[in-house]
Amino acid sequence: MGEILRQPRLFWSVQLALQSVWVVNAAVITCALAALSLQGSPTGLPPISVKVHSIKRVIMRRNVKLLLMFSVTWMFAIVYYLQVTKDSKSPEENRALRLKEPSAIAAEETNLVAVGSESLGRALPAVSPGVAHSTAVSPPTDHRLTWKYFDERGYVERGRLHVGEDPYHRNKFNQAESDRLPSNRDIPDTRHHTCRRKMWRTDLPPTSVIITFHNEARSTLLRTVVSVLNRSPPHLIHEIILVDDFSDDPTDGEELAKIQKVKVLRNDKREGLMRSRVKGADAASAPILTFLDSHCECNANWLEPLLERVAEDHNRVVCPIIDVISMDTFQYIGASSDLRGGFDWNLVFKWEYLSSEERAKRQKDPSSAIRTPMIAGGLFVIDKAYFEKLGKYDMAMDVWGGENLEISFRVWQCGGSLEIIPCSRVGHVFRKQHPYTFPGGSGNVFARNTRRAAEVWMDDYKQFYYAAVPLAKNIPFGNIQSRLELRDRLQCKPFKWYLEHVYPELTVPDSMDIAFGSVQQGFMCLDTMGHLLDGTVGLFSCHDSGGNQEWAFTQNGLIKHHDLCVTLVQAEPGSSLRLRPCTNSSLQKWHKPSDRGMLRHASYNLCIDSRSVRSQGLTVESCDHDAQSQRWKFALNRS
Ligand SMILES: [Mn+2]
């Protein structure tokens, strides 16, 4: 609360108090004088004027009454004014700092009791008002509810950049730009227009928002909290739980505990995202959990469509579309709604375009939910009881990474579903680098976490991960016994089911293949260029999404794209290769990739070469150990 804001109100209060004292004094003096004159008159006046005198007395009495009434009204008016100004804005108020209108807060106080009943009831529709009072979880005793202001400028200022400091140094995004923007800035409504007309159920359950952070910039953290409070119906936000994962400055979080509904928990050592989130979830008292990253901005009506999907089916785990907040300018940019989450055998999350069929289907109803094989992991909503039943998170995973993969497999394989809800939009600052250090090195931590997920959930398909990321085989992953037991207890489906029903687009390498995936030369990849039968083969920037860049090197020496094989047409240097149906002909046989990555023909000393790719596609040339244009690398190599 800014002291400056209070000053003018104090001044006026004093002025009014002085004035009221003056008026009351005046009234009292007048009364006394009147009384004196009335008492003195019977003896002091000659008998002749008795009649006139009594008339005067009546007039006097009426004046006294009027004066008394006037002064009493004045006093009431002052008391009323002081009472009212306590809650309304003063002329100097900075509206940019206002978190919420007073009417909204009043509504919130009356709503809290009802909210409490729902969180115990967990049922839809809401419990009838009659039982609300007896089951209230959190009666409106939170005196911070009346806080309408937060000293935003002071809070951000205490974490500002030093003079001459690189604005990217601490957070790997432009902190100067973030600090400059108010916490409740306007952002464009990026939803499809049909979402704006949508009506949401009125009996939605409330949620506990859980935000974990480690050395987050104050301005982005505050903007996340403020956007939740400002752009959600108040009765649906039960609380905001900030879990400070041992940030250098404990006051980053502590100071935010002054804001209504905000609770702050702090780890006494670095625990990482997963254990911090579980700590927040354990402390939550609403029936639905909403996990948010610490540098987000929630957009209009972001919450209702998410809660609605979960309220209708508790086994749904749902995410908003994640819009982009520029790490340089903090401009808010709408993301495509034709994306979902996927991965390759390296098990790294990637956004991928929906198939053309699905896009056509979505044209008819742009607000319908998108099933996604994987969630990005930073932002999602889940039923609290379901989160617990499902085994929360793998508590042995460290810092960051792999947990989204693990929870995605777990949800799908154990009977739930993952959805992206296009009418819900939340912005997120995407960065190119992690701003914080990973105890143990980021690569190792990521591989260890991913390996734990693969070992528990992927059955024999984990071999394709190890083939794609051979380094992972040497990373110790610790004990996974309890997670295997969890999988047993929940009677989760095999990974094969997941591949067939949830992610059929992920091509499973044939067990007879020696190498699989894209065939890379630097940033370029072997590509059919859309050519079919008898077409040449080209090079195109690697897009890591299979398609025309998906190849297999089979046990019997074929380089295959579906049922077409790379075929030698003329056995002489400089001749173009062609795509022909695989027939096991000797012209289609190649030696398995050499250590240097050369692809040599089985019968001739000719190697696949890219030197003339622009004019005639890939050709064969005399094998040359030093030629960069003859070096190839399969994404997945099992030899
Ligand atoms: Mn993030």
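**Group meeting: a walk through a predicted model**

Hi everyone, let's start with a pair of strands. Strand S8, residues 339-343, and strand S9, residues 349-353, run antiparallel and are joined by five bridges. Together S8 and S9 make a hairpin, with five residues between them. In that turn, Leu 347 has a positive phi of about 60 degrees. As for who faces whom, Gly 342 has Lys 350 of S9 as its bridge partner, and Phe 343 stands opposite Phe 349 in S9.

Before going further, please keep in mind that this is a predicted model. The average pLDDT of the chain is 83, and 78% of the residues score at least 70. Over residues 86-98, however, the pLDDT is below 50, and this stretch has 17 contacts in the model beyond near neighbours in sequence. Residues 40-47 also stay under 50, and there the model has two contacts beyond four places in sequence. The usual caution applies: where pLDDT is low, predicted coordinates should not be read in detail.

Now the overall picture. The chain contains 19 helices and 22 strands. Of its 639 residues, 38% count as buried. If we take contacts between residues at least 6 apart in sequence, 71% of them join residues at least 24 apart.

Next, the interior. As a general point, nonpolar side chains in soluble globular proteins tend to be buried together. In our model, the largest nonpolar core has 123 residues. The residues with the most contacts inside this core are Ile 210, Val 225, Ile 240, Leu 307, Phe 380, Tyr 465 and Leu 636. Helix H15, residues 442-457, gives the most to this core, with seven residues.

Let me follow Val 225 for a moment. Leaving out residues up to four places away in sequence, Val 225 touches Ile 240, Leu 256, Ile 259 and Val 262. Val 225 is also one of the buried residues of helix H8. H8 covers residues 218-230, and its 13 residues reach 18 Å from the first C-alpha to the last, close to the 18 Å expected at 1.5 Å a residue. How much of H8 is buried? Twelve of its 13 residues are, so the helix is largely enclosed by the rest of the structure. The buried set has polar and charged members too, including Arg 218, Ser 219, Thr 220 and Arg 223.

Two other helices are worth a look in the same spirit. Helix H10, residues 273-283, has eight of its eleven residues buried, so it too is largely enclosed by the rest of the structure. Among those buried residues are Leu 273, Met 274, Arg 275 and Arg 277. What covers them? The cover includes strands S1 (207-213), S2 (237-244), S3 (262-266) and S4 (288-292), along with helices H13 (384-389) and H14 (403-413).

Helix H11, residues 303-312, is mostly covered, with eight of its ten residues buried. Leu 307, which we met in the core, is among the buried residues of H11, as are Glu 304 and Glu 308. S1 and S4 turn up again in the cover of H11, which also includes S6 (316-325), S11 (380-383) and S12 (417-429).

Back to H15 now, for one residue: Arg 448 is found in this helix. Arg 448 has 22 other C-beta atoms within 10 Å, so it counts as buried, the cut-off being 20 or more. Beyond residues up to four places away in sequence, Arg 448 touches Ile 475 and Phe 477. Its C-alpha is 7.8 Å from that of Met 397, although the two are 51 residues apart along the chain.

I'd like to finish in the loops. Asn 171 lies between helix H5 (152-157) and helix H6 (175-180), and is buried, with 21 other C-beta atoms within 10 Å. The C-alpha atoms of Asn 171 and Gln 433 are separated by 9.1 Å, with their positions 262 residues apart along the chain.

Then there are two loop residues with positive phi that are not glycines. Lys 261 has a phi of about 70 degrees, and His 562 has one of about 50 degrees. Lys 261 is in the loop between helix H9 (251-254) and S3, while His 562 is in the loop between strand S17 (559-561) and strand S18 (564-568). Buried or exposed? Lys 261 is buried, with 21 other C-beta atoms within 10 Å, whereas His 562 has 12 such neighbours and counts as exposed.

Thanks for listening, and I'm happy to go back to any of these places on the screen.

Notes: Residues are numbered from 1 along each chain as its sequence is written. This is a predicted model: local features need pLDDT of at least 70, side-chain atom pairs count only at pLDDT 80 or more; totals for chains, interfaces and linings use all residues. Two strands pair if DSSP finds at least two bridges between them. Helices (H or I, at least four residues) and strands (E, at least two) are DSSP runs, numbered from the N terminus. The expected span of a helix is 1.5 Å times one less than its number of residues. A nonpolar core is a set of buried Ala, Val, Leu, Ile, Met, Phe, Trp, Tyr and Cys residues joined through C-beta atoms within 7 Å. Two residues are in contact if their C-beta atoms, placed from the backbone, lie within 7 Å. pLDDT is the predictor's confidence in each residue, from 0 to 100.
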